[in-house]
Amino acid sequence: MGEDGCVTSAPQRPDGPTPTPRLIATDLDGTLLRDDKSVSLRTVAALAAAEEAGIEVFFVTGRPARWMDVVSDHVHGHGLAICANGAAVVDLHAGRKFVQVRALPRATAMTVVETLRAAAPGTSFAVEMTTGINYEPLYPPFFQDPGAQVATAEKLLQEDADDTSAPVLKLLAHHSELAPDEFLTLARSVAGTYASITRSSPTALLEISALGVSKASTLELCCAERGISHAEVVAFGDMPNDVEMLSWAGTSYAMGNAHPAVIAAASGRTVANNEDGVAVVIERILAKRAAHQR
């Protein structure tokens, strides 16, 4: 970002210039949403204008499907969103129906729990499933869920005898003393061969998915179904769980408030989420497109 606060132009990727974008992929918290979790009128207008211009918009978030009401009115056309860091594709036009689930095997989750308990004593866990979240007694319930079951992770991950347990979307691990990036580095070093481990919270809260599952890998699947290449994608993000997606997209923007790892991964920068950084770039894309069509 330059001294005047304007968006810098994104450098070209090694495989050449990005063609006219066909899909915009954006994170929500800290990216599309303002800090008060609202979607500004400017951003609403920019999203609608992109869709009207024939550019698909995908919300790609760590949020579970049940927390998507904030943007459900702003997804057009396909109605799909990628949730839980790529573990689920949901249809927001059909009441948050699960279209695709990339589950974390319970046996693998158990292995991760055992490994992290040994490497970082004091770690507490929550289990995010297609039916909701359950957590251990010591896990801080950031968002109270009256339907949550409270028990040890070992009990929460136990398979039902008839194999009817709801799929596990991700395992959450919290530590009250370690620094966020320190916890992430430790977890990846001891358990990274079992699962994909990332974070999006300002606290030491890790999000653990099946190995190979990320925002990027699920977005790539959705794009392949549409015949869209990575070079035709513009992506936005602010936290470590966005790094793979920003690295994969032909053009990517780190928000003005982004984590250093995100800035390093992105091909460009925009202003902060509270300054409508996503809308600023979309407006430029559409203005450039309109100028070329004259």
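Here are some short exercises on this predicted model, each with a worked solution.

**Exercise 1. Work out how the radius of gyration of the chain compares with the globule rule.**

Let's start with the inventory: the chain holds nine helices and 13 strands. Next, take the radius of gyration, which is 19 Å. For 294 residues the globule rule gives 19 Å, and the two values are close, so the chain is as compact as a globular protein of that length. If you'd like a box to go with that, the C-alpha atoms fill roughly 65 × 40 × 35 Å along the principal axes.

**Exercise 2. Describe the burial, contacts, surface and charges of the chain as a whole.**

Burial comes first: 53% of the 294 residues are buried. Now look at contacts with a separation of 6 or more; residues 24 or more positions apart account for 59% of them. On the outside, the chain exposes about 12,700 Å², and carbon and sulfur atoms supply 53% of that area. Finally, the charges: there are 23 positive and 35 negative ones, and their mean positions sit 4 Å apart.

**Exercise 3. Classify the ring pair F236 and Y253, then place it in the chain.**

A search of the whole structure turns up two aromatic pairs. For F236 and Y253, the ring centres are 5.5 Å apart and the planes meet at 15°. Planes under 30 degrees apart count as stacked, so this pair is stacked. As for location, F236 belongs to strand β11 (residues 233–237) and Y253 to strand β12 (residues 251–254). The two are 17 residues apart, and the pair links distant parts of the chain. What about burial? F236 has 0% relative accessibility, so it counts as buried. Y253 comes out at 10%, so it counts as buried too.

**Exercise 4. Find the surroundings of T218.**

Step one is the address: T218 lies in helix α6 (residues 215–225). Step two is accessibility, and at 0% T218 counts as buried. Step three is contacts. Skip the neighbours within four places in sequence, and T218 touches I82, G86, V89 and R102.

**Exercise 5. Find what A258 packs against, and how far its C-alpha atom is from that of D238.**

A258 sits in the loop between β12 and α8 (260–265). Is a loop residue like this buried or exposed? With a relative accessibility of 14%, A258 counts as buried, given that the cut-off is under 20%. Leaving out neighbours within four places in sequence, the contacts of A258 are G237, D238 and I263. One of these, D238, is 20 residues away along the chain, yet the C-alpha atoms of A258 and D238 are separated by 4.1 Å.

**Exercise 6. Compare the backbone and burial of K37 and N85.**

A bit of background helps: most residues other than glycine have a negative phi. K37 isn't a glycine, but its phi is positive, near 70°. N85 isn't a glycine either, and has a positive phi of about 55°. Both are loop residues: K37 is in the loop between α1 (28–32) and α2 (41–52), and N85 is in the loop between β3 (80–83) and β4 (88–91). Now for accessibility. K37 has 40%, so it counts as partly exposed, whereas N85 has 3%, so it counts as buried.

Note on methods
Residues are numbered from 1 along each chain as its sequence is written. This is a predicted model: local features need pLDDT of at least 70, side-chain atom pairs count only at pLDDT 80 or more; totals for chains, interfaces and linings use all residues. Side-chain values use heavy atoms; hydrogens and water are left out. Helices (H or I, at least four residues) and strands (E, at least two) are DSSP runs, numbered from the N terminus. The radius of gyration is taken over C-alpha atoms; the globule rule is 2.2 Å times the number of residues to the power 0.38. Buried means under 20% relative accessible area, exposed over 50%, partly exposed in between (1.4 Å probe, protein chains only). Contact means heavy atoms within 4.5 Å. Accessible areas come from the Shrake-Rupley method with a 1.4 Å probe; for residues, only the protein chains shown count as cover. Lys and Arg count as positive and Asp and Glu as negative; His and the chain ends are not counted. The place of a charge is taken as NZ of Lys, CZ of Arg, CG of Asp or CD of Glu. Rings of Phe, Tyr and Trp (its six-membered ring) pair if their centres lie within 6.5 Å; planes under 30 degrees apart count as stacked, over 60 as edge-to-face and the rest as tilted.
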